[in-house]
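The following exercises ask you to read a small set of computed features from a model and to reason through each one step by step. Work through every task before turning to its solution.

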Amino acid sequence: MHENYTYNMVELPKGKRALMNKWEHKVNTGEVDSTPRYKACIVVKGFQQKKGVDFDEIFAQVVKMTSIRIVLSIAASMDLEVG
């Protein structure tokens, strides 16, 4: 993933700590004749969060293509700029 530039390593701000995480792996078989699709996702162990410290700052940069298409179609129909 690093060779494909899937993510960037960044320095933590002073006074912040990194939460533990783990990789979740699964195989989507779908239909009988289809080839299996292998998926991996990194998830944060949320039980380590502390309210008021790092509780409101966790997010995942994952979006479905249908969501992007909907936002773009609404912006186009209302003649809005997306930036």
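**Exercise 1.** Determine how many helices and strands the protein has, and in which order they follow one another along the sequence.

*Solution.* In this predicted model, the protein has one helix and two strands. Reading along the sequence then gives the pattern β-β-α.

**Exercise 2.** Locate lysine 64 relative to strand 2 and helix 1, and decide whether lysine 64 is buried or exposed.

*Solution.* Begin with the chain position: lysine 64 lies in the loop that runs between strand 2 (37-44) and helix 1 (65-77). Next, take its relative accessibility, which is 62%; because exposed means over 50%, lysine 64 counts as exposed. Finally, look at the surface, where Lys64 gathers with Lys26, Arg37 and Lys39 in a patch of positive charge.

**Exercise 3.** Identify the side chains that meet in a salt bridge, and classify the accessibility of each partner.

*Solution.* The structure holds one salt bridge, in which the side chains of lysine 22 and glutamate 24 meet at 3.2 Å, N to O. Partly exposed covers the range between the 20% and 50% limits, so lysine 22, with a relative accessible area of 40%, is partly exposed, and glutamate 24, at 38%, is likewise partly exposed.

**Exercise 4.** Describe the burial, the exposed area and the sequence separation of contacts for the protein as a whole.

*Solution.* Of the 83 residues in the protein, buried ones make up 4%. The protein exposes about 8,400 Å², of which carbon and sulfur atoms supply 57%. Among contacts with a separation of 6 or more, residues 24 or more positions apart account for 30%.

Conventions. Residues numbered from 1 in each chain as written. Predicted model: local features only at pLDDT ≥ 70, side-chain atom pairs only at ≥ 80, totals over all residues. Heavy atoms only, no water. Patch = residues over 30% accessible without salt bridge, like charges linked within 9 Å, V, L, I, M, F, W, Y side chains within 5 Å. Areas by Shrake-Rupley, 256 points an atom, 1.4 Å probe, with all protein chains shown as cover. Salt bridge = Lys/Arg side-chain N within 4 Å of Asp/Glu carboxyl O. Lys, Arg positive; Asp, Glu negative; His and termini not counted. Charge placed at Lys NZ, Arg CZ, Asp CG, Glu CD. Helix = DSSP H or I, 4+ residues; strand = E, 2+ residues; numbered from the N terminus. Buried < 20%, exposed > 50% of the residue type's maximum accessible area, 1.4 Å probe, protein only. Contact = heavy atoms within 4.5 Å.
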